[in-house]
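Q: Could you take me on a close look at one part of this model, the surroundings of the ligand? I would like to follow a couple of residues there and then step back to the whole chain.

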Amino acid sequence: MTEAVLLTETNAGVRTLTLNRPEKLNAANDALLLALTEAIAEADGDASVRVIVLTGSGRGFCAGQDLGDVSGRNMTFTEHLNHTYNPLIRAIRSCGKPVISAVNGVAAGAGASLALAGDVRLWARSAALIEIFSNIALVPDSGSTWFLPRLVGYHRAFELMALAEKVRSDEALRLGLCEHVFPDETFHQEVQAYAERLAARPANALKLTKQALNAAMTTTLDVALDREAELQQVAGDHWEHEEGVTAFKEKRAPDFRREYE
Ligand code: T3D
């Protein structure tokens, strides 16, 4: 069951998790959501994995909740979100490794939230994001109400959610919903190359950077300054720091991967 809905591949320290329900644009059922959450935790604990990529098979990234899977469900909406989507989004945000949302096609509803939740968002030219919840008279969930206004401001977020307008890749880049847009034809190669660049960076420093940035999103400057000072000590005591400084002095590129090879 798990193997069918989620594909896992590791290449050069990059763990790619591919949502695999292409005939439904990777709409999420419980099996997929639970498998994905477990796979992220597993990758987080695997020292050979330095970067995690989330993507979709076929022409979609993720069309949100599988609407064929809802009737007869033995849970309230609240219970369902707390059981499936919320642990998934928390797993992405608390993961100590960079997570790339590699948005290969349409990302709708909770799929849009998944597209926004990554530390880096890479889009294929034909990808699009739709905060589609209001089409079925639901509220944006899985973190969309947290991510989107921080990126585009309250008013643009409200309009995108209220009208369920499709945001195409050129506008997504302009709005800051993604960092890079790549041609469809070479998308997966470009994602892998980008992920390998990240994988060569100092893993401990990136973990602490993610931790600091996540905490800073909801705090004051004073608290952020204190946290930076604490985390800098942790980074400065790590071998990566010594390697970076030594490499600078020796006028060579630092080797931050040596511990894992
Ligand atoms: O706990 C809870 O349950 C609450 C949580 C909610 C989280 C949510 O995500 S709510 C939002 C749920 N998602 C949607 O409402 C999106 C529904 N899909 C669409 O509106 C469209 O499919 C798209 C705009 C995303 C893409 O349109 P298009 O024209 O490119 O593709 P299509 O032809 O509509 O879809 C292709 C196939 O995928 C089609 O199947 P078919 O006819 O070829 O057999 C379609 O039914 C299927 N599909 C697409 N989205 C879903 C889906 N099947 C089930 N659930 C879907 N969400």
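A: Alanine 63 sits in the loop that runs between β4 (60-62) and α3. Please keep in mind that this is a predicted model. Alanine 63 counts as buried because it has 25 C-beta neighbours inside 10 Å, and 20 or more are enough for that label.

Let's see what packs around it. Setting aside neighbours within four places in sequence, alanine 63 is in contact with Lys24, Leu25, Asn26 and Ala27. Its other contacts of this kind are Val106, Ala108, Gly109 and Gly111. A further residue to find on your screen is isoleucine 132: 69 residues separate it from alanine 63 in sequence, yet their C-alpha atoms are 9.1 Å apart in space.

One of those contacts, alanine 108, deserves a visit of its own. Alanine 108 belongs to strand β6. This residue is buried too, because 26 other C-beta atoms lie within 10 Å. Not counting residues up to four places away in sequence, alanine 108 touches Ala63, Gly64, Ile130 and Ile132. So isoleucine 132, whose C-alpha lies 9.1 Å from that of alanine 63, is in this list of residues that alanine 108 touches, where the cut-off is C-beta atoms within 7 Å. Cysteine 62 is another residue to compare: alanine 108 and cysteine 62 are 46 residues apart in sequence, with 6.4 Å between their C-alpha atoms.

Now for the ligand itself. It is surrounded by 24 residues, and the closest are Ala27, Ala63, Gly64, Gly109 and Ala110. Our starting point, Ala63, is thus among the closest, and Ala27 and Gly109 from that list are also contacts of alanine 63. Gly64, for its part, is touched by alanine 108.

Which elements build the shell? α3 (77-83) and β6 (106-108) each give at least two residues to it. The largest share, three residues, comes from α3. Sorted by class, the shell holds 15 nonpolar residues, six polar ones and three charged ones.

Finally, let's step back to the whole chain. The domain assignment of the protein gives domain 1 as 2-199 and domain 2 as 203-260. Their C-alpha centres are 27 Å apart. Eight residues from domain 1 and six residues from domain 2 make up the contact between them. On the side of domain 1 that touches domain 2, four residues are charged, two are polar and two are nonpolar.

Terms used: Residues numbered from 1 in each chain as written. Predicted model: local features only at pLDDT ≥ 70, side-chain atom pairs only at ≥ 80, totals over all residues. Domains from an automatic or database assignment. Contact = placed C-beta atoms within 7 Å. Nonpolar A, V, L, I, M, F, W, Y, C, P; charged D, E, K, R; others polar. Near = placed C-beta within 6 Å. Helix = DSSP H or I, 4+ residues; strand = E, 2+ residues; numbered from the N terminus. Buried ≥ 20, exposed ≤ 12 C-beta atoms within 10 Å, placed from the backbone.
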